[in-house]
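Welcome, and thanks for taking a look. Please load the structure and keep it beside the text as you read.

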Amino acid sequence: MATRDDAGFRTLADQLRSWSDERVARLLTARPDLTTPAPHDFGQLASRAAVRASLSRALDTLTRLELSVLDALVVAGQTTAADVRSIILAEPAAVDATLGRLVDLALVWHTRDGGLRVLSGVADALASGPGASGLRPRSADAPAPDVVAARLAEVSPAARAMLEHVVDAGGEATGGSARLTVLPEDAATPAEELIARRLLLPRTGGGLLVAPGEVGLALRGGRTTTEPVDVVPPIAVAERSAALVDRTAAGAAFEIVRQVELLLDQWGAHPPHVLRSGGLGVRDLKAATSLLAVDEQRAALVVETASVAGLLGHRADADGNSVWVPTDAFDAWIAEAPAARWATLVRAWLESPRLPGLVGTRDPAGKTWNALAPELASYAMAEARAGTLEALASLPPGQVLAAGTGLPSLVEQVAWHRPRRPRSRAQQVAWAMSEAAAFGVVGLDALASYARVLVAGDDPVPALAGLLPEPVDHVLIQADLTAVAPGPLEAALARQLQLVADVESRGGATVYRFTPGSVRRALDVGWTAVEVHAFLDAVSRTPVPQPLTYLVDDTVRTFGTVRVGHAEAFLRADDESALSELLHHPQSRGLGLRRIAPTVLISTIPVEVLLPRLRDLGVAPVVESPDGTVQVLRPDVLRARTPKDRGPSLRSVRGSARVASVVAAIRSGDRVAAVRPTTPATPLTPSGALAALREAIEARVTVLIGYVDNQGVSSERVVDPRTIEGGSLQAYDHRADDVRAFAVHRITTVRPLSPSP
């Protein structure tokens, strides 16, 4: 006979078969935890909807109202929509809309007689979490509400207080010494008053008393909750100019783009090393804070965002060490307009699971969290950011969070929309607000106008571009060897100017200073004196001052007077002709020889490689020590220690043990296959299994048992029973070659085996 759950699944499967493709697509979009089945396999879809992990993920996406409606269905059992509306303290229209969504999510289904029922497993998944009323399900033969109310009116105040305490504590209590069969007129204690009037029902086994759902509903006035569940908590707000919010946010947006560009430019030339754990070192993060002139949290946000946006990656340097460097996408990103660059960063931040707010703090083990550490992520962070921005978007322009009370009220509203999210929600919302302010999404604790466009799913670039300052193509060079940029420079000009001058201060007008070192930096990358002078003349709106011209000329005059090259070895001889002959020898091209003096040659290959190759050319060189004397070398005679016989290695012992275990398992399986009957054995009750095992212990025979483990996996074991104590069988397991414990209530069959041949 099919169980109620089986019948329910078939009914739900029939419903799904009747759905249109569009409705099924909406279900799969709303429930990404469900694996998309074959178009014809809706029974498999219904089965997946009952999986506990899938249910938990689906419940995580529900609001407090939706969870409360589900809880009401659990309390009411199989019921009608009208009954649900009567026991939920919410507007009927809101309840009907919620029921429709729960049906679309396959969490509630219509029975064959037109009723409503929650999917199997929802009650366990709800448990006592957010949205749960704490009431137990109504009894199958529950009396009418007026009958329950009349019984409540008959009990004493002490009995009613006891009943209210039991209901608020989860609906269960111990019976103690109370009589379970007593008439109302014979009740001597408050507990017996409640038992006599069936307001507390004895539970089979354990001596527990339970308050059925109809009693809890009567105590709460016929509702599952005492407060409305469809009222969204309001946000405490204050008035502030929308134009001021936009200007403040736009300034922050421009600054975050500049900081990402500055950091990646620096790391492109001087990349930091990747830690063995995969993160960024504390020293490198502190260097980034000095470069950007920000605190550690802001620097961590810049680094993490550059990484999730695909602008920062790691590769091996010339020495084979892994380092953090900009990616190829950075070159394309830097060529875009500032507003487009900002949009790329913010979209990556919104979808990122990273937790930059934890950087610098310590984990439970006392270890400091590093930026870019792989473990520094949470699946709930992206949802916290989205929920925070959606709540802010509900405020009209001109309203901002109130000082002091605004953030707690925002947390409360976000919690109403996702009650089952982690306990760190308040911290995550605070992080989301801080990061949104750093990105210019929020200004003065309100959503900017262009950010509203972003939250709505449209392109915010045109709206932001009108608020950002126009880039300038010139600077004002002054006589004190500084240049002032009267606004944000064009990207190409800024990169060229940073090459020939050092940034002295940033702000509304960036100040650059020319130094011998900065000019030499331009010469190192191939600029000539003519190119430096031409660049300064082209970018300055003021005449180039004479001190700067002298600085450039003096730096060029001393540049390159001393040259440094690479050499691994040198060759010195008094005979110049011998060195000339060796230098022009046809077979010496691979030696990397170059004359630097009439009697000196240098080579780019190491001495230990150069010596044998010179001898192959017929030269008899000797090695010269650092003090100029001839160094005589005798090859050392190398020896190795004779190994001792230490017996079998640990690897061989493990291998032998593994082979023995496999052989034992194969033999055990052969014995099982030899005695397995052609028809399946009838499952035993726990008492029958207990009796059969005791007989096997007395007869000292080997038996084949069917066993179901904690995961519900059934298997057959060949065992030698030894003792039974406390509902547990101690037996020698032939497969494991060890004495194991088996729970008797999980043993389904017991069959004696004939002795092994």
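Below is a short tour of sheets, a helix crossing and nonpolar cores.

## About the model

One thing to keep in mind from the start: this is a predicted model.

## The sheet E16-E18-E17

Let's begin with an open sheet of three strands, ordered E16-E18-E17 and paired antiparallel. Strand E16 (569–572) and strand E17 (594–597) are the edge strands; each has a single partner strand, so one side of each has no neighbour in the sheet. On average, neighbouring strands here are turned by 30 degrees against each other, direction ignored.

How is E17 joined to strand E18? Three bridges link E17 to E18 (residues 600–603), and the two run antiparallel. If you would like a pair to pick out on screen, try Ala597, whose bridge partner in E18 is Val600. This sheet also has a helix for company: H27 (residues 576–583) lies across E16, E17 and E18, and runs at about 155 degrees to E17.

## The sheet E3-E5-E4

Another open sheet is built from three strands in the order E3-E5-E4, again with antiparallel pairing. Its edges are strand E3 (172–174) and strand E4 (201–202); each pairs with a single strand, so one side of each is left without a neighbour in the sheet.

E4 is joined to strand E5 (residues 208–210) by two bridges, and these strands run antiparallel. Here you can find Leu201 standing opposite Val210 in E5.

## Where H23 crosses H24

At what angle do the axes of H23 and H24 cross? For helix H23 (residues 491–500) and helix H24 (residues 516–524), the crossing is at roughly 115 degrees, with the axes coming within 6 Å.

On the H23 side, the contact is made by Gln498, Leu499 and Val500, which meet Ser518, Val519, Arg521 and Ala522 of H24. Sorted by class, this contact has four nonpolar, two polar and one charged residues.

## The nonpolar cores

The largest nonpolar core holds 68 residues, and Trp342, Leu392, Leu410, Val441 and Tyr450 have the most contacts inside it. Which helix gives the most to this core? That is H13 (residues 242–269), with 10 residues.

Val441 is a handy place to centre your view. Setting aside neighbours within four places in sequence, Val441 is in contact with Trp342, Val346, Trp349, Leu389, Ala436, Ala446, Leu447, Ala448 and Ala451. Apart from the largest core lies another, of 53 residues, including Leu62, Ala76, Leu209 and Trp416.

Key:
Residues numbered from 1 in each chain as written. Predicted model: local features only at pLDDT ≥ 70, side-chain atom pairs only at ≥ 80, totals over all residues. Heavy atoms only, no water. Pairing = 2+ DSSP bridges. Helix = DSSP H or I, 4+ residues; strand = E, 2+ residues; numbered from the N terminus. Axes fitted to C-alpha atoms, helices over the stretch in contact; angles between N-to-C directions. Contact = heavy atoms within 4.5 Å. Nonpolar A, V, L, I, M, F, W, Y, C, P; charged D, E, K, R; others polar. Core = buried A, V, L, I, M, F, W, Y, C linked by side-chain atoms within 4.5 Å. Buried < 20%, exposed > 50% of the residue type's maximum accessible area, 1.4 Å probe, protein only.
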